[in-house]
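Walk through this model from the overall fold down to single residues. Keep the sequence and the 3D view side by side.

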Amino acid sequence: MPIRDWQIIVGKLLAATVLLWPPALTFVYAITFSILGDLDFGPLPAATSASLLFGPSCVPIGLLASSFLTRNQIVAFILGFAIIFVCCTAG
């Protein structure tokens, strides 16, 4: 194959990151709500940046489950979901 393994991994990570830009569009809602009423802008940048960073941090866990832990896609999904769930509820 002309593509190296690291290029596939970086491509999957970039593709997942591009798909996560819609949370950044929530600023349009924030501007609309601020025009219509009183909006607290404090939590908005933190929530948006957290949602933009959470997705790309979940992609390597899914890649780990599907590449190294199992070959079955359904089992990889369940393992990836379980690992992410445990990491999110442990804190």
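Ala, Val, Leu, Ile, Met, Phe, Trp, Tyr, Cys and Pro count here as nonpolar; Asp, Glu, Lys and Arg count as charged; the others, Gly among them, count as polar. These classes will be needed for the pockets. The model is predicted.

Start with the fold. The chain has 4 helices and 0 strands. Read from the N terminus, the order of elements is α-α-α-α. Helix H1 covers 5–18 and helix H3 covers 43–69. Helix H4 runs over 73–90.

Now the overall dimensions. The C-alpha trace spans about 55 × 35 × 20 Å along its principal axes. The radius of gyration is 17 Å, whereas a compact globule of 91 residues would come near 12 Å. Burial is given as a share of the chain: 15% of the 91 residues count as buried. The accessible surface totals about 7100 Å². Carbon and sulfur atoms hold 75% of that surface. Contacts add a view along the sequence. Among contacts with a separation of 6 or more, 51% join residues 24 or more positions apart.

Next, the pockets. Rolling a probe the size of a water molecule over the atoms shows where empty space is left. The largest pocket holds about 250 Å³. Which helices each supply at least two residues of its lining? They are H1 and H3. H3 gives the most, with 6 residues. The lining includes Asp-5, Ile-8, Ile-9 and Lys-12. Further along the sequence it takes in Pro-60, Leu-63, Leu-64, Ser-66, Ser-67, Phe-68 and Arg-71. By class, that makes 6 nonpolar, 2 polar and 3 charged residues. The charged ones are Asp-5, Lys-12 and Arg-71.

The second largest pocket has a volume of about 170 Å³. Here H3 and H4 each supply at least two lining residues. H4 has the largest share, with 6 residues. Gly-62, Ala-65 and Ser-66 belong to the lining, as do Gln-73, Ala-76, Phe-77, Gly-80, Phe-81 and Ile-84. How many of these are nonpolar, polar or charged? The lining has 5 nonpolar, 4 polar and no charged residues. Gly counts as polar, so Gly-62 and Gly-80 fall in the polar class with Ser-66 and Gln-73. Ser-66 also appears in the lining of the largest pocket.

Move to the loop between H3 and H4. Thr-70 is found there. Is Thr-70 buried or exposed? Its relative accessibility is 16%, so Thr-70 counts as buried; the cut-off is under 20%. Leaving out residues up to four places away in sequence, Thr-70 touches Ala-65, Val-75, Ala-76 and Leu-79. Two of these partners, Ala-65 and Ala-76, also line the second largest pocket. The C-alpha atoms of Thr-70 and Val-86 are separated by 19 Å. Those two residues lie 16 apart along the chain.

Finish in helix H1, at Ala-15. Its relative accessibility of 41% is why Ala-15 counts as partly exposed. That class lies between the buried limit of 20% and the exposed limit of 50%. From the C-alpha atom of Ala-15 to that of Arg-4 the separation is 17 Å. Along the chain, Ala-15 and Arg-4 are 11 residues apart.

Notes:
Residues are numbered from 1 along each chain as its sequence is written. This is a predicted model: local features need pLDDT of at least 70, side-chain atom pairs count only at pLDDT 80 or more; totals for chains, interfaces and linings use all residues. Side-chain values use heavy atoms; hydrogens and water are left out. The radius of gyration is taken over C-alpha atoms; the globule rule is 2.2 Å times the number of residues to the power 0.38. Buried means under 20% relative accessible area, exposed over 50%, partly exposed in between (1.4 Å probe, protein chains only). Contact means heavy atoms within 4.5 Å. Accessible areas come from the Shrake-Rupley method with a 1.4 Å probe; for residues, only the protein chains shown count as cover. On a 1 Å grid over the protein atoms alone, a cavity is a set of points where a 1.4 Å probe fits but cannot get out, and a pocket is an open set with protein on both sides within 12 Å along at least five of seven lines; lining residues have an atom within 4 Å of a point. Grid points are joined across faces, edges and corners, and a volume is the space filled by probe spheres set on the points.
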